[in-house]
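Please find below a note on the structure, set out as numbered points. Each point takes up one topic and may be read against the sequence and coordinates.

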Amino acid sequence: MKKIFLLFVFLYSVLPAQSFEYTGTIGKFERASSFYITANGFVYVTDTGRNEVIMLDTLGNVIKTFGGYGWTEDSFDNPADVFADPLTVYVADKNNHRIKRFDKNLNFISSLYTRESENSRESFGYPLSCATSNQGDLYLIDSENKRIMKFDFSGNFQQNFGGFDAGKFMLSNPLQLAIASNNNVFIIDGDNIIVFDQYGNGILKINVQEKLNSIRILFDHLIVTTEKEIYYSNLRLPEAQLSVLNLLGIEAIPKIVSSIIFNNKLYALSKDSILVFRRASKN
């Protein structure tokens, strides 16, 4: 067993912590890039193949799609990430350098665009990921400058962090972020998980020694994925344990894009569908 004790936050282990049994798939996508599930059970998927965001229920019924290729408010150019709460949906429209905000029914509300700002501190380009805190602040990955940007709910710039002045917490290849209930910001950066507090102070750097491609937090259930493995941690525990999940009942697992635990089920996004697993009963 491999263990790294990291202050009071993580015990990293490669032993299976929990088992989930495969039950089937939902959804059909061309090239899914990201997904999120809201507390009221709606699923939002970004599909870069179609340049769309798709709203489904947890049974896989498509409720609405929005988008198509373009640069106007009703289109996308590489929607890289989606985040949603029960009222609002945010999409990182990467090649249009925008974060687009929608209501829960995918009606367009507004865009956040600062790339041409004269203030270099607030300018971002090629956003890869976005999420909001429980205080309503919007955080995003500015991949052009390899840093995190923070804006308030009205789109006013607050700060950036994780750049060249962050010392050992400087980001080199930030890909996706997630926010815990205490407003700590978790970022995958190559094979590292880097954690900042809500004020941009670096507090933890965890080396997982594998290339990571997604991080999600829902109800303080942290899920980190590689293309073939899914790692889980309960952030409510005083010494949270990050350990690999054991997936049962499936012979060949497709490349995993992202994963979320919701209502005792594991949802694992692949490029073309969402694999659904139920928590395995203990014998």
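**Note on strands, salt bridges and backbone**

1. In this predicted model, the bridge partner of L222 in β22 is S233. The pairing to which these residues belong is that of β21 with β22, which is antiparallel and runs over five bridges. The two strands form a hairpin, with four residues between them.

2. Strand β22 also has a partner in β23. The strand β23 covers residues 240–244, and two bridges join it to β22 in the antiparallel sense. One residue pair to inspect here is Y231 with its bridge partner V244 in β23. This connection is again a hairpin, in which five residues lead from β22 to β23.

3. How many residues of strand β22 are buried? Five of the five residues in β22, which spans 230–234, are buried, and the strand is accordingly described as mostly covered. The burial applies to both faces: I230, Y232 and N234 lie on one side, Y231 and S233 lie on the other, and all are buried. As background to this division, side chains in a regular strand alternate between the two faces of the sheet. S233, the bridge partner of L222, and Y231, the bridge partner of V244, both belong to the side of β22 formed by Y231 and S233.

4. A separate element for review is an open sheet of four strands, with the order β4-β5-β6-β7 and antiparallel pairing. Its edge strands are β4 (32–37) and β7 (62–67), each of which pairs on one side only. From one strand to the next, the twist averages 15°. In general terms, strands of a sheet pair through backbone hydrogen bonds, in either a parallel or an antiparallel arrangement.

5. Within that sheet, β5 (residues 42–47) and β6 (residues 52–57) pair over six bridges in the antiparallel sense. A specific register point is T46, whose bridge partner in β6 is V53.

6. The structure holds nine salt bridges. One of them joins the side chains of R50 and E30, with an N to O distance of 3.9 Å. Because R50 lies in the loop between β5 and β6 while E30 lies in the loop between β3 (19–26) and β4, this pair ties together parts that are 20 residues apart in sequence. The distance of 3.9 Å should be read against the criterion, which requires the nitrogen to be within 4 Å of the carboxyl oxygen.

7. Are the two partners of this contact buried or exposed? R50 is partly exposed, at a relative accessible area of 35%. E30 is likewise classed as partly exposed, at 47% relative accessibility. The contact also has a wider setting, in that E30, D47 and R50 are linked in a network of salt bridges.

8. A second salt bridge brings together the side chains of D93 and K100, at 3.3 Å from N to O. D93 has a relative accessible area of 0% and is buried. K100 is buried too, with a relative accessible area of 1%. A buried residue is one under 20%, so the assignment holds for D93 at 0% and for K100 at 1%.

9. A further salt bridge is formed by E144 and R115, whose closest N and O atoms are 2.6 Å apart. E144 is located in the loop between β13 (138–142) and β14 (147–151), and R115 in the loop between β11 (108–112) and β12 (127–132), so the pair ties together parts that are 29 residues apart in sequence. Both residues are partly exposed: the relative accessible area is 35% for E144 and 31% for R115.

10. Two backbone conformations deserve a check. Most residues other than glycine have a negative phi. L106, by contrast, has a positive phi near 65° and is not a glycine. L106 is placed in the loop between β10 (98–103) and β11, and is buried, with a relative accessible area of 0%.

11. The other case is F219, where phi is positive at about 55° although the residue is not a glycine. Where does F219 lie? F219 is in the loop between β20 (214–218) and β21 (221–225). With a relative accessible area of 40%, F219 is partly exposed, whereas L106 is buried.

Definitions and conventions: Residues are numbered from 1 along each chain as its sequence is written. This is a predicted model: local features need pLDDT of at least 70, side-chain atom pairs count only at pLDDT 80 or more; totals for chains, interfaces and linings use all residues. Side-chain values use heavy atoms; hydrogens and water are left out. Two strands pair if DSSP finds at least two bridges between them. Axes are lines fitted to C-alpha atoms, for helices over the stretch in contact, and angles run from 0 to 180 degrees between N-to-C directions. Buried means under 20% relative accessible area, exposed over 50%, partly exposed in between (1.4 Å probe, protein chains only).
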